[in-house]
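Thanks for making the time this morning. I would like to walk through one structure, beginning at one end of the chain and then turning to the interior, the loops and the charged side chains.

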Amino acid sequence: MNSAKEWLENAQAMQATLSATYMEEQSNKLGRTKEELLGEMEKRWMIMANSAQKGLHGALNPLGGIIGGEAFKMREFRKKRKSYSGSSLVNAMAYAFSTSEYNASMGKICAAPTAGSAGILPAAILSAQEQHEFSDEACMHALFTAGGIGELIAKTATVSGAEGGCQAECGSAAAMAAGALVELSGGSPEMVFHAAAIALKNVMGLVCDPIAGLVEAPCSKRNASGVVNAMISADMALAGIESIIPLDEVILAMKDVGDRMDPDLRETGKGGVAATPTGQRIADRIFGRDK
């Protein structure tokens with residue numbers, strides 16, 4: 001599919017879910033059976049689930065030493081304190097932090113769509129599964145919908161922070177997760193695209209400004225906020241709230257914003273919080289320039 005509009009028309013013609021139509025397309029394009037595709041997705045789902053739980057029991061060892069222990073702190077907070085955001089969101093944030101920390105520690109993750117945004121999708125699906133007891137198979141089908149949304153964004157715009165800023169990474173991941181959550185909950189294909197569009201619009205213009213050029217900060221916290229973005233966007237769509245702008249147009253708008261963005265705000269580590277005095281001191285420490 002080359003657009004959300006085309007994908008929706010195919011799903012309506014087949015009277016099927018978006019995941020079913022995407023799997024059909026992938027099966028024909030790759031010459032693989034649907035069973036084989038599900039088998040491949042299961043491998044990725046296991047990698048996602050593993051990375052989302054690695055940091056829950058204690059700090060990992062991110063190479064830059066900028067982050068570490070956030071997943072554990074969120075999980076302990078959930079146990080000991082009443083939160084403003086509720087246990088489901090707190091749990092999702094813990095999962096997102098875990099994947100970010102595991103990625104920065106050179107652990108095996110599934111880029112979804114990138115390593116810097118890899119915590120958002122698994123955190124959303126795992127939290128939903130824990131809360132609503134969805135089967136692994138249902139989660140894997142939802143991941144196909146997420147994959148299709150990611151492919152649309154990559155084809156039409158970009159999922160690279162170096163090209164489009166963090167809106168293209170954490171924004172795309174949130175859009176993928178929001179759409180997957182809606183399908184997982186039995187929402188219509190139209191609702192899936194409304195959720196994805198809302199999530200992407202929510203972070204339109206977000207810059208990519210990694211401190212010291214490392215995928216640690218502010219990346220990990222954007223993964224946590226990204227999964228919250230996905231979950232509230234899914235809830236809005238499931239409630240019947242629509243995106244005023246269609247997903248295809250939102251993706252094009254994101255590309256336009258990314259194209260206009262100053263290069264210093266696109267993963268170079270030269271702008272945003274990376275350029276602050278504290279950000280520069282951290283970079284100097286990491287690279288031995290403070291001696």
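Before the first helix comes up, one term is needed: a helix here is a DSSP run of H or I with at least four residues, and the helices are numbered from the N terminus. Please also keep in mind that what you see is a predicted model.

With that in place, let me start with helix H1, residues 4-14, where a salt bridge joins the side chains of Glu-9 and Lys-5 at 2.8 Å, N to O. Being four residues apart in helix H1, these two are separated by about one helical turn. Lys-5 is exposed, with a relative accessible area of 54%, while Glu-9 is partly exposed, at 41%.

Which residues of helix H1 are buried? They are Ala-4, Trp-7, Leu-8 and Ala-11. Seen down the axis of H1, these buried residues fall within an arc of 100 degrees, so they line one face of the helix. The face turned away from that buried side carries the exposed residues Lys-5 and Ala-13. As for what covers the buried residues of H1, the cover includes helix H2 (18-30), helix H7 (136-156), helix H10 (189-202) and helix H12 (247-260). Just after H1, Gln-15 takes a positive phi of about 50 degrees.

Trp-7 leads us into the interior. In soluble globular proteins, nonpolar side chains tend to be buried together. Here the largest nonpolar core has 79 residues, and the members that touch the most others are Trp-7, Trp-45, Leu-121, Ile-125, Ile-149, Phe-193 and Val-227. Helix H9, residues 166-184, supplies the largest share of this core, with 13 residues. If we take Ile-125 and set aside residues up to four places away in sequence, it touches Trp-45, Cys-139, Leu-143, Ala-180, Leu-181 and Leu-184. There is also a second, separate core of seven residues, and among its members are Ile-67, Ala-104, Ala-212 and Ala-217.

Ala-217 brings me to the backbone. Most residues other than glycine have a negative phi, and most peptide bonds are trans. Ala-217 and Pro-218, however, are joined by a cis peptide bond, with omega about 5 degrees, and Pro-218 lies in the loop between H10 and helix H11 (219-238). The peptide bond from Ala-112 to Pro-113 is cis as well, with omega near 5 degrees, and Pro-113 is found in the loop between helix H5 (87-104) and helix H6 (120-132).

The loop between H5 and H6 also holds Met-106, which has a positive phi of about 70 degrees although it is not a glycine. Met-106 counts as exposed, at 60% relative accessibility. Another positive phi, near 70 degrees, belongs to Glu-267, in the loop between H12 and helix H13 (277-286). Glu-267 counts as partly exposed, at 32% relative accessibility.

Now for a polar residue in the interior, Asn-103, which lies in helix H5 and counts as buried at 13% relative accessibility. Leaving aside its neighbours within four places in sequence, Asn-103 is in contact with Ile-109, Ala-115 and Val-215.

Let me turn to the charged side chains. Side chains of opposite charge can pair when their charged atoms come close. How many salt bridges does a search of the whole structure find? It finds 15. In helix H3, residues 34-51, Glu-40 and Lys-43 sit three residues apart, about one turn of the helix, and their side chains meet in a salt bridge of 3.4 Å, N to O. In helix H12, Lys-255 and Asp-259 are four residues apart, again about one turn, and their closest N and O atoms are 2.9 Å apart in a salt bridge. Both are partly exposed, Lys-255 with a relative accessible area of 31% and Asp-259 with 48%. Some salt bridges share partners, and these join Arg-32, Glu-36, Glu-40, Lys-43 and Arg-44 into one network.

I will finish with Arg-75, found in helix H4 (residues 70-80). Why does Arg-75 not count as having a salt bridge? The nearest side chain of opposite charge, Glu-130, is 4.8 Å away, and a salt bridge requires a side-chain nitrogen within 4 Å of a carboxyl oxygen. Arg-75 is nevertheless buried, and its side chain makes a polar contact of 2.8 Å with the side chain of Asn-91.

Conventions:
Residues are numbered from 1 along each chain as its sequence is written. This is a predicted model: local features need pLDDT of at least 70, side-chain atom pairs count only at pLDDT 80 or more; totals for chains, interfaces and linings use all residues. Side-chain values use heavy atoms; hydrogens and water are left out. Buried means under 20% relative accessible area, exposed over 50%, partly exposed in between (1.4 Å probe, protein chains only). Lys and Arg count as positive and Asp and Glu as negative; His and the chain ends are not counted. A polar contact is a pair of N or O atoms within 3.5 Å; within protein, one must be able to donate a hydrogen and the other to accept it, and residues adjacent in sequence count only if both atoms are side-chain atoms. The arc is that of the directions from the helix axis to the C-beta atoms. Contact means heavy atoms within 4.5 Å. A nonpolar core is a set of buried Ala, Val, Leu, Ile, Met, Phe, Trp, Tyr and Cys residues joined through side-chain atoms within 4.5 Å.
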